[in-house]
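Subject: Structure handover

Hi,

Here is the structure I promised. Please open it next to this message; my notes follow below.

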Amino acid sequence: MTTPTATTDAEALIESLDRKSALHKFHHVLHKYPWISPGLVLLVAIIIFGLLNERFWAISNLSLITQQVSIVATLAIAQTLVILTAGIDLSVGAIAVFASMVMAKTAAEQGVPGPIALLLGLMVGTAAGALNGFLITRLRLPPFIVTLGTLSIFTAITLIYATGKTINGKYLPDFMLILGTKIQIGSFKITYGVVVMLLLYAIFAYVLRNTAWGKHVYAVGDDPAAASLAGIQVNRVLFSVYLVGGLVLAIAGWIAIGRVGAASPSIIPDANLESITAVVIGGTSLFGGRGTMIGTLIGAILVGVVSNGLVLAGLDQAYKVLAIGILVIVAVALDQWIRKVRA
Amino acid sequence: MTLQPVLQAKGLVKTFGRVVGLNSADLELYPGEVLAVIGDNGAGKSTLIKCLSGAEIPDSGEMFVEGELVSFKRSLDARAYGIETVYQTLAVAPALDIASNLFLGREVRSKGIAGKVFRKLDHNGMRTLAKEQMTKLGIGTLQDMSQAVETLSGGQRQAVSVARAEAFGSKVIILDEPTAALGVRESNQVLKMIELMRDRGLPVILISHNMPQVFSVADRIHVQRLGSRAAVVTPNSHTMNDAVAIMTGALKVDENDQALSPAQAIADAL
Ligand SMILES: Nc1ncnc2c1ncn2[C@@H]1O[C@H](COP(=O)(O)OP(=O)(O)OP(=O)(O)O)[C@@H](O)[C@H]1O
Ligand SMILES: [Mg+2]
């Protein structure tokens, strides 16, 4: 009898086609919303860590996590913009620290009023970003090399300028420390720094989605030659990305002063890698042209959740590093798969 | 009185290191005509139209738009003169959707405060316009204008590029092998569209390797060979075999027998 075999063959075929189309649909959804996968991982992580240690779910602990991630999450905004253009910025931490030291030192030692000191810091951050942009667009040097160089340069200038010293919060005007102030929302305690960070995410998510500049950032990262033929001034867009990034980084510096309650040249040592980690885990492609701000925010929070959760679970710091390493590789592998589209 | 070309190139030279792309190339495009540009691979067809559309800057030579001397530094400059181009490489941003690609660099903002102050793009408006434009081209199969271009087939991508040029070209449309990846039906749509543009008085430069296509739609045929113009003929004055012979250098055409202006093309047709 051949008929039964034929039917089962056909059934198997249909089943495999169904499975294929389900996978296809899943692929399609991830392609359109690349932040869904880190979102799911975040959800799972929050559940698991809560089951491992009840204290993880305590409101006070969750509040703490948001405060802990506020600096890196803000740096990651600038990093996202740069990575969307298929670049990379190794100097994010250095620029933020540089700007924060300018704010703190002018306020503490030159007696400049808080708001003016902030303005000076913001200007320095923006100028530092502009320098990166200038070197990348005018001298046509690769972003990796330029920012590797400016990482050292900005770090050195900061150390020389600050003479290696930390400026204690008690010498700073209140305004300089204001982002560390806690506000109570229900039983959730967050700082103004967290609010500023979230506000920046909202602004840049809007800008990327809803403005011509946002579209151009994607187009330039996607295919610069095509963007240029389509009439986009590629260098102008690139330069503006680094410039705006510098401003955001300076704000991150301000958040850092509030969070630590002091300004120190060595305030955020692992910031560069952590910001890149957040962006990559958040589903933004290192090849440029695709990614979202919400993804990066999820990525940054996920890193914070994993660090905090593993500590509460009583595991060694090494496990955190291990876990984040795995997350990064899974995220990049997933991105490779997502980008594989053929009509 | 002689007719003035809409777009003219005189003695364009373009080298890439030691490779000569253009070797004193001329071209004239007259109002309301379809000028086909044919030639072997590497004859300099794409390089020629890239100079005319601002994508490449010629080493020497002159270009004129309606008699005015112009020098294009980037494609934006040519666009400002109403010259729209579909490049052989298509020049689309794969990760962006169809509507965003159609309006890339020319985005439409929302009305009122949202657009003026918050610079918000009119996504819905652009999608509606994109849909209309694609339907006009007979590419009604594309339903979702928010679909990423990289999920489209080669032909559909080409259609998006052609639709973009058609939508914004106000003076000259340049098409570099616009039907290379298209099916028969879609190719015919593009040819029909070319005729439509000509009927509207919009001159078109069409680069193509497809001889029957060229002979059916072109008013004049510019034959490019080794970086310069070998001859300009018309579908009436010469056969496809003649055109191929000119391309390969087997046939030379006397200046007097060429269709260097539309008047001669009309004379040929009589
Ligand atoms: N960017 C470039 N760099 C180096 N050489 C180039 C470049 N662009 C064109 N060329 C060279 O210039 C010559 C003309 O090329 P072009 O692309 O204009 O030819 P074409 O007539 O459009 O050919 P095809 O029919 O294959 O499209 C070729 O020899 C090509 O190798
Ligand atoms: Mg070509």
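I start at the contact between the chains. The side chains of Arg290(A) and Glu150(B) make a polar contact of 2.7 Å. Bear in mind that this is a predicted model.

Arg290(A) sits in the loop between helix H12 (271-281) and helix H13 (293-312) of chain A. Its relative accessible area is 15%, so Arg290(A) is buried. Neighbours within four places in sequence aside, Arg290(A) touches residues of chain A including His31(A), Leu84(A), Tyr218(A), Asp222(A) and Arg339(A). Gly283(A), Thr284(A) and Ser285(A) are also among its contacts. From chain B, Ala95(B) and Glu150(B) are in contact with Arg290(A).

**Helix H9 of chain A**

Two of those contacts, Tyr218(A) and Asp222(A), are among the buried residues of H9(A). This helix spans residues 212-222 and is mostly covered. Nine of its 11 residues are buried. Among them are Gly214(A), Lys215(A), His216(A) and Val217(A). Ala219(A), Val220(A) and Gly221(A) are buried as well.

What covers them? The cover includes helix H3 (59-84), helix H8 (192-210), helix H10 (224-229) and helix H11 (234-260) of chain A. H3 and H5 of chain B are part of it too.

**Ligand 1**

Next, ligand 1. It is surrounded by 14 residues. The closest are Asn41(B), Lys45(B), Ser46(B), Thr47(B) and His209(B).

Three polar distances are worth noting for your setup:

- Asn41(B): a polar side-chain atom lies 2.8 Å from an oxygen atom of ligand 1.
- Ala43(B): a polar backbone atom is 3.2 Å from an oxygen atom of ligand 1.
- Thr47(B): an N or O atom in the side chain is 2.5 Å from an oxygen atom of ligand 1.

On its own, ligand 1 has 630 Å² of accessible area, and the protein covers 64% of that. Strand E2 (19-29) and H1 of chain B are the elements that give two or more residues to the shell. H1(B) contributes the largest share, three residues.

**Magnesium ion**

Ligand 2 is a magnesium ion, and its protein donors are Ser46(B) through OG and Gln88(B) through OE1. They lie 1.9 to 2.1 Å from the ion. These donors come from distant parts of the chain, 42 residues apart. Ser46(B) belongs to helix H1 (residues 45-52) of chain B, while Gln88(B) is in the loop between E6 and H3 of chain B.

Are the two donors buried or exposed? Ser46(B) has 18% relative accessibility, so it counts as buried. Gln88(B) has a relative accessible area of 41%, so it is partly exposed.

Ser46(B) thus appears twice: as a donor of the magnesium ion, and among the closest residues to ligand 1.

**Gly39(B)**

Gly39(B) is in the loop between strand E3 (34-38) and H1 of chain B. Its relative accessibility is 1%, so it counts as buried. Beyond its neighbours within four places in sequence, Gly39(B) contacts Lys45(B), His209(B), Gln224(B) and Met247(B). Gly39(B) and His209(B) are 170 residues apart along the chain, yet their C-alpha atoms are separated by 7.5 Å. Lys45(B) and His209(B) are also among the closest residues to ligand 1.

**Helix H6 of chain B**

H6(B) runs over residues 154-168 and has 15 residues. It reaches 22 Å from first C-alpha to last, close to the expected 21 Å. Its buried residues include Gly155(B), Gln158(B), Arg164(B) and Glu166(B). Their cover includes strand E6 (83-86), helix H3 (98-102), helix H5 (123-136), strand E7 (172-176) and helix H7 (184-199) of chain B.

Take Ser161(B), one of the residues in this helix. At 1% relative accessibility, Ser161(B) counts as buried. Outside its neighbours within four places in sequence, Ser161(B) contacts Val86(B), Leu90(B) and Val92(B).

**Backbone check**

Which residues other than glycine have a positive phi? Thr163(A) is one of them, near 45 degrees. Glu66(B) is another, near 50 degrees.

Thr163(A) lies in the loop between helix H6 (143-161) and strand E1 (167-168) of chain A. Its relative accessible area is 51%, so Thr163(A) is exposed. Glu66(B) is in the loop between strand E4 (60-65) and strand E5 (68-70) of chain B. At 41% relative accessibility, Glu66(B) counts as partly exposed.

Best wishes

Conventions
Residues are numbered from 1 along each chain as its sequence is written. Chains are lettered from A and ligands numbered from 1 in the order in which they are written. This is a predicted model: local features need pLDDT of at least 70, side-chain atom pairs count only at pLDDT 80 or more; totals for chains, interfaces and linings use all residues. Side-chain values use heavy atoms; hydrogens and water are left out. Helices (H or I, at least four residues) and strands (E, at least two) are DSSP runs, numbered from the N terminus. The expected span of a helix is 1.5 Å times one less than its number of residues. Buried means under 20% relative accessible area, exposed over 50%, partly exposed in between (1.4 Å probe, protein chains only). Contact means heavy atoms within 4.5 Å. Donors are N, O and S atoms within 2.8 Å of the metal (3.2 Å for Na, K and Ca); water is not among the atoms, so sites may look incomplete. A residue is near a molecule or strand if one of its heavy atoms lies within 4 Å of it. A polar contact is a pair of N or O atoms within 3.5 Å; within protein, one must be able to donate a hydrogen and the other to accept it, and residues adjacent in sequence count only if both atoms are side-chain atoms. Accessible areas come from the Shrake-Rupley method with a 1.4 Å probe; for residues, only the protein chains shown count as cover.
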